[in-house]
Amino acid sequence: MDFSIKAFDTKNTVASVKTGCVAVAVFENKKLSAAAKALDGSGELTAALKSGDISGKPGTTLLLRGVDGLGAERVLLVGMGGDEAVSEKNFAAGVQAALKAFAALGATDAIIALPMTEVKERDVNWAIRCVVRAAHEGEYRSDTQKSKKDPAPAGVRKIALALPATAATKAALAQAIAVANGMDLAKNLGDLPANICTPTHLANTAKKLAKDYKFDAEILDRKQLEALKMGSFLSVSAGSDQPPKFIVLKHMGGKAKDAPVVLVGKGITFDTGGISLKAGPGMDEMKYDMCGAASVLGTFRAIGEMNLKLNVIGVIATCENMPSGGATKPGDVVTSMNGLTIEVLNTDAEGRLVLCDALTYCERFNPAAVIDIATLTGACVVALGHHNSGLFTRDDAAHDALANALLAAGKSASDTAWRMPVEEAYNEQLKSNFADLANIGSPGGGAATAAAFLENFTRKYTWAHLDIAGTAWKSGGAKGATGRPVPLLTEFLIQRT
């Protein structure tokens, strides 16, 4: 889909412009939006609304053809709720309805003249992102592995947004497109089967991003990881024939002296649970256990396209968790990169074993902040469902500031998180008779004990943990990766420039 800004003035009005279709808003109080009024010289729009052919309820549409006096071949009336003060929910419903109608048209281009500057408690940047994100979601295909692909999308292929063509709106549109492209990459990676999206595939994806956007890329293999004494990470990969990869991407768009933000992604490309084998039903969804890694790569895709003026480093620890004669066993004790020993009570709590060494590795960057992103615990899904990602940080001024910035970014990007506790009490649940730490805690607070485990490896810098187990993918008939939290992460980085 191609997007542009379409500005109107006294000579080039929304009524005179030639296009396949123009979408405008109508309301349940029988009123037209400002853009709809500009098209209603013949009174046909008012008549359609008063006749009851469209109610104005959110998401309803009515297509009018050949309206007198207009350059547009069609006018799409889009219901946006009770009155001109449009809610976020109603605007999103109207956008989705308009895009669905566009897909069924014989036209190839259209203008969205919905009230993007009048959404309650939202700015025009949010409205632009809403349109672009919805369009990308409508176009996204998950049929890459089918021998017979689904029919290619028809209808409108070029969309102009009726907005002032200012530097600000153009920049907002460019950012929205970049974020949507980043989400598409994260979704593509997540949806690929694990026999294709291996650790090597993720490493090759990182190399391609580096080539396309002039990032620095370094891929560490098993021998290098052994030299670094990443015994915890390597213990997870011990049962797999697929070689582990440790990926480091650097986008140094800021000043040389500026400390970087480091994004750390969990990249378990398939998680059987290891010797602590998972139940069979639903195990296919464990290909999504690398969505933390995918979100880091998707965020780098977005900031590379934007050429963001900030220093950002991506670290991805990726491997498979498989059962075999060489696999780590429950009760084994492994030594992490920072020297702490870990009793592996459950090999299905492998994400924290991978992340702890990655978090230790981050110390060398003297980071401004480190954020790890992981499909870490089912307990987080129990706590927060599929609406919010879990956000965990320590409780002090620096960490409060980081948490608040992440929460605000999530709200702005419609990719929300909810703050959860990291307290010493949860470390008490991780005590072991045989090692410094156990990799699972005593019953209760599973998401918090997992975060507390990670916290032990982050005490030399400011850190936050995002548990995305409930938000990274959907199950059932809508099964597929969501691309979250690429919008949250990208907005957080944008706000730091």
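Two strands pair if DSSP finds at least two bridges between them. Keep that in mind for the tour of this predicted model.

**Stop 1: one bridge, then its strands**

Select V264 and D372. D372, in β13, is the bridge partner of V264. Now widen the selection to β9 (261-271) and β13 (369-374). β9 and β13 pair in the parallel sense over five bridges. Add β17 (463-467). β13 and β17 also pair in the parallel sense, over five bridges. For a marker on that side, pick A374, which stands opposite D467 in β17.

**Stop 2: the two faces of β13**

Stay on β13 and show side chains. In a regular strand the side chains alternate between the two faces of the sheet. Here A369, I371 and I373 point one way from β13. V370, D372 and A374 point the other way. Are these residues buried or exposed? All are buried. Six of the six residues of β13 are buried, so the strand counts as mostly covered under the cut-off of 20% relative accessible area.

**Stop 3: the whole sheet**

Zoom out and color by strand. Eight strands form an open sheet, in the order β7-β8-β10-β9-β13-β17-β14-β15. The pairing is mixed. Which strands are at the edges? They are β7 (216-220) and β15 (417-420), and each pairs on one side only. From one strand to the next, the twist averages 20°.

For an antiparallel pair, select residues 245-252 and 311-321. These are β8 and β10, paired over eight bridges. Within the pair, F246 has A317 of β10 as its bridge partner.

**Stop 4: helices across the sheet**

Select residues 397-412. This is helix α12, lying across β13, β14 (389-393), β15 and β17. Its direction is at about 160° to β15.

Next, select residues 486-495. Helix α15 lies across β9, β10, β13, β15 and β17. It runs at about 165° to β9.

**Stop 5: the cores**

Nonpolar side chains tend to be buried together in soluble globular proteins. The largest nonpolar core here has 59 residues. Which members touch the most others? Select L263, L297, I371, L466 and L493. Helix α9 (residues 291-306) gives this core its largest share, nine residues.

Center on I371. Setting aside neighbours within four places in sequence, its contacts are V261, V262, L263, V264, L406, A464, L466, L489 and F492.

Another core lies apart from that one. This core has 49 residues, including V248, A317, C319 and A448.

**Stop 6: a covered helix**

Select residues 351-361, helix α10. How many of its eleven residues are buried? Eleven are, and the helix is mostly covered. Among the buried residues are R352, D357 and T360, as well as L353, V354 and L355. C356 and Y361 are buried too.

**Stop 7: the cysteines**

Finish on sulfur. A disulfide is a covalent bond between the sulfur atoms of two cysteines. This structure holds zero disulfides. Why is C21 unbonded? Its closest cysteine sulfur, in C130, is 18 Å away, too far for a bond. C21 is buried, at a relative accessible area of 0%.

Jump to C380. C380 is in no disulfide, and the nearest cysteine sulfur, that of C291, is 14 Å away. C380 is buried as well, with 2% relative accessibility.

Methods:
Residues numbered from 1 in each chain as written. Predicted model: local features only at pLDDT ≥ 70, side-chain atom pairs only at ≥ 80, totals over all residues. Heavy atoms only, no water. Disulfide = S-S within 2.5 Å. Buried < 20%, exposed > 50% of the residue type's maximum accessible area, 1.4 Å probe, protein only. Helix = DSSP H or I, 4+ residues; strand = E, 2+ residues; numbered from the N terminus. Axes fitted to C-alpha atoms, helices over the stretch in contact; angles between N-to-C directions. Contact = heavy atoms within 4.5 Å. Core = buried A, V, L, I, M, F, W, Y, C linked by side-chain atoms within 4.5 Å.
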